[in-house]
Amino acid sequence: MRPVQSSVLCRLLPAPFSLALRSLVLVLLCITPRCQAVQAENVTVLEGGTAEISCRLQNYDGSIVVIQNPRRQTLFFNGTRALKDDRFQMVLFSPRLVRIELTNVSVSDEGGYFCQLYTDATHHQVATLSVSVPPETPTVEVKQEAVEGGEVELTCMSPRSKPAATLRWIRNGRELPGVVSQQDNAKTFSVSSTIRISVERKDNGAALSCEAFHPALGGQKKIRHYRLDVNFAPTVRIVPPSGILREGDSLSLTCSVSGNPLPRNIQWSKINETLPERAEISGPTFQISRLSQSHNGTYLCQAQNNFGRAADHYTLLVYDPGAVVETHSAVPYAVIGGVLALLVFTVICVLIVTIWCSVRQKGSYLTHEASGLDEHGEVQEAFLNGNDASQGKKEYLL
């Protein structure tokens, strides 16, 4: 009995049968010494790596073995190179196993590699080469400048991966939900994740990160760190001098400026007057040597950027030795005047009360003295009229 032609039976197998099942059928059918068969193994490799494509032979009798690429171009004919592509190398040709090696694999190399055995009938199996493309470190794009009080739109992008990478936004250890989009670029995918967040001045420099996950990374992840760049108008504060300033002393003021972007130019001026001749300006520092009363006035520090301007002022009053120069922390003259007026009013009230009490006490003394004189007159009159003195006194007492 002639052996069953395995190639014919393989063509009769339904299409849904897997390659492994078809290979198993071929093995079971080859039950005679003369039956030959070939088996192929699927391979998955990272892009840029090296793939080994193996063809296993059964009962090989020296028949022709041909290996072809997915475009059906012959790579090797019985171990001899047929295609001029140095990336392919024959590493093993034996009666049981034929193995070739492909270096620097790219996605264009994907597909089925044919292991063909030419006997009375042609036997072939297909080894499928799959190429996995891990993502590079993602990039972050900003749609427009972030401005204090507004919103900023950030997009994390992974331009190339296979299969598609998974992106995730993280801030302060918590995930920020983003809008994900995916595009198929032939054999690879580009993925993006977009978030919109409200920003304030305090958010300038805040750290965020975009993480890319992929099966080819083996549990690792590619991370792109990003810091928010929030633009805001400047703030200005003049740092006044400490201690007492007198005629002949030196004045030194420092203008403390913040803002994003930081203002490059700081302007010093004197309200309604020009700056003194002895004034020296060095960036944020303003100095006047040998102060005199002619330097009295209000000095202004100004700064601006593309998002606004700000200013602060300092009022200088120079007195004779011992007098204190008024600074921002000095008590206003209105408060001092009010305190002095209250003290004067209090003193006047105390004097009025004291005088009134003294006058009242003196009037009471004069009244009692007059009452005593009246009693003496009545007694004298009774004595002159011959009345009994004791009776008169008694009646008086009554």
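S193 counts as buried in this predicted model, at 3% relative accessibility; buried here is under 20% relative accessible area, exposed is over 50%, and partly exposed is in between, with a 1.4 Å probe and protein chains only. The residue sits in strand β17 (residues 188–198), where strands (E, at least two residues) and helices (H or I, at least four) are DSSP runs numbered from the N terminus. Setting aside neighbours within four places in sequence, S193 is in contact with L154, T155, C156, L167, W169, G178, V179 and V180, contact being heavy atoms within 4.5 Å. Some housekeeping: residues are numbered from 1 along each chain as its sequence is written, and side-chain values use heavy atoms, with hydrogens and water left out. Since the model is predicted, local features need pLDDT of at least 70 and side-chain atom pairs count only at pLDDT 80 or more, while totals for chains, interfaces and linings use all residues.

One of the contacts of S193, C156, leads on to the disulfides. The structure holds three of them, a disulfide being a pair of cysteine sulfur atoms within 2.5 Å. C156 pairs with C210, the sulfur atoms 1.7 Å apart. The torsion about their S-S bond is about -80°, so this disulfide is left-handed. It links distant parts of the chain, with C156 in strand β13 (residues 151–161) and C210 in strand β18 (residues 207–213), 54 residues apart. Both ends are tucked away: C156 is buried at a relative accessible area of 0%, and C210 is buried at 0% too.

Next up is the disulfide of C55 and C115, with sulfur atoms 1.6 Å apart. This link is left-handed, with -60° about the S-S bond. C55 belongs to strand β3 (residues 51–58) and C115 to strand β9 (residues 111–118), so the pair ties together parts that lie 60 residues apart in sequence. C55 comes out buried at 0% relative accessibility, and C115 is buried with a relative accessible area of 1%.

That leaves C255 and C301, whose sulfur atoms are 1.9 Å apart. With a torsion of about -90° around the S-S bond, the disulfide is left-handed. C255 lies in strand β21 (residues 251–260) and C301 in strand β25 (residues 297–305), so the pair ties together parts 46 residues apart in sequence. Both C255 and C301 are buried. Two other cysteines sit further out: C349 is partly exposed with a relative accessible area of 30%, and C357 counts as partly exposed at 40% relative accessibility.

Strand β25 also turns up in a sheet. Three strands make an open sheet in the order β22-β25-β26, with antiparallel pairing; two strands pair if DSSP finds at least two bridges between them. β22 (266–270) and β26 (308–316) stand at the edges with a single partner strand each, so one side of each has no neighbour in the sheet. The twist averages 20° from one strand to the next, using axes that are lines fitted to C-alpha atoms (for helices over the stretch in contact) and angles from 0 to 180 degrees between N-to-C directions. β25 and β26 run antiparallel and are joined by nine bridges. Within this pairing, Y299 stands opposite Y314 in β26.

Back towards the start of the chain, the largest nonpolar core has 26 residues, of which L75, F88, I100, V105, Y113 and L129 touch the most other members. Such a core is a set of buried Ala, Val, Leu, Ile, Met, Phe, Trp, Tyr and Cys residues joined through side-chain atoms within 4.5 Å. Elements giving two or more residues to this core include β1 (37–40), β2 (43–46), β4 (64–68), β5 (74–77), β8 (97–102) and β10 (122–132). β3 gives the most to this core, with four residues. As for F88, leaving out neighbours within four places in sequence, its contacts are L75, F76, R81, I100, E101, L102 and Y113.

Strand pairing around β8 rounds out the picture. β3 and β8 run antiparallel and share six bridges, and E52 has E101 in β8 as its bridge partner. β8 also pairs with strand β7 (residues 88–93), in the antiparallel sense over five bridges. Here F93 has V98 of β8 as its bridge partner, and a hairpin joins β7 to β8 through three residues.
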